[in-house]
Amino acid sequence: MSDFSDIRISALDAVEKSISLKMLEDARVALLGKSGSITAELKKMGALPPEQRKEFGQAVNSLKEEIAAALDAKKATMEETELSARLTSETLDITLAPRPETQGSIHPVTQVIEEMTAIFGAMGFSVAEGPEIEDDFHNFTALNIPANHPARQMHDTFYFPEKPDGTRNLLRTHTSPVQIRWMQHHQPPYRFIAPGRVYRCDSDMTHAPMFHQIEALVIDKSITMAHLKGCLTQMVRSFFGVEDVPLRFRPSFFPFTEPSAEVDIGCSWENGELKIGAGKSWLEIGGCGMVHPNVLKAVNLDPAQWQGFAFGMGIERMAMLKYGIPDVRPFFESDARWLAHYSFAPFDIPSLVGGLAR
Ligand code: DAH
């Protein structure tokens, strides 16, 4: 009978004496690796006469299995010891005082959009969105502003480079193209607002090259200017939280509405401070009017059947008036001091009443 007792003892000893995973791995290689001592014994089997092979094979294989099992068992114990050592050393001291954390806040533009959405939502309006990169058709032509119309010069437009077909995309100059996109994809009646970014090549104390507007469109069979006035009056009173704000509709011109008006709200100045409500002065807040028949025709609606109103307002302007912000430029300068002063606490926003619709 083959005697492997010496190899066995020294192998088990090597396993036992390993005090690190590295040492254990070295022992495994020295015993069971390609040139390991037990592997060398296994290799001898081929040279034996057949009658000895079986007995030798059984003995050397059982040795191999015993050593492999010893290696595995040792490895498991070592890993367990290592884990429990880590668990005891890496405890968290939950009694430590927390680090002060700066909390994010709501930008006045977002705040005003949320407030407006809640007010119009309560009046049954949905919220629509459109792309900021527009084409000439949606931004101008469908809104009754044909090529070379002087109204295009009112909009200092940022154009993209010319495309092979000679047309140029542009950064939308107002939210009015959302009217067109919505009408192209939905059946009337319509009642929605569209808040969003718009762009004009303009920059001074009251103009930023990027700013926000909120558009509204109401189309049905018998919508009149009286609805327009009622809707805007209700919105202004809820937004400013002042019951008696007078509104003034000044005749004006927009290609996409007829008649058109600019909307002013009453205010007064007391010791240099603006007060919204009945007073001696007026402040313009936006444009409005009855949707021009050509706009309805551009989206294949019959103006003899459908009519309604639209309006557009500047969001920064509404924020400046409501929250006493004197200059529009810092809105987008990301100055943490300005934001700390004019922004709003999160989790305190009026909720969306009407629901989002796209
Ligand atoms: N789109 C206009 C602008 O940016 C604002 C406006 C005026 C929108 C009258 C309207 C409207 O929907 O009816 O100057």
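The following exchange examines how several descriptions of this predicted model are justified.

Mentor: In this predicted model, local features need pLDDT of at least 70 and side-chain atom pairs count only at pLDDT 80 or more, while totals for chains, interfaces and linings use all residues. Residues are numbered from 1 along each chain as its sequence is written, and side-chain values use heavy atoms, with hydrogens and water left out.

Trainee: Why is the protein chain called more spread out than a compact globule?

Mentor: The globule rule is 2.2 Å times the number of residues to the power 0.38, and the radius of gyration is taken over C-alpha atoms. For 358 residues the rule gives 21 Å, whereas the chain has 39 Å, well over that value; therefore it is described as more spread out. The C-alpha trace spans about 115 × 55 × 35 Å along its principal axes.

Trainee: What makes F309 and F311 a stacked pair?

Mentor: Rings of Phe, Tyr and Trp (its six-membered ring) pair if their centres lie within 6.5 Å; planes under 30 degrees apart count as stacked, over 60 as edge-to-face and the rest as tilted. F309 and F311 lie 6.3 Å centre to centre with 10° between the planes, and the pair is accordingly stacked.

Trainee: Why is the pair of Y323 and F344 called edge-to-face?

Mentor: Its planes make an angle of 65°, and its centres are 4.8 Å apart.

Trainee: How do you know whether Y323 and F344 are buried or partly exposed?

Mentor: Buried means under 20% relative accessible area, exposed over 50%, and partly exposed in between (1.4 Å probe, protein chains only). Y323, at 25%, is therefore partly exposed, whereas F344, at 18%, is buried.
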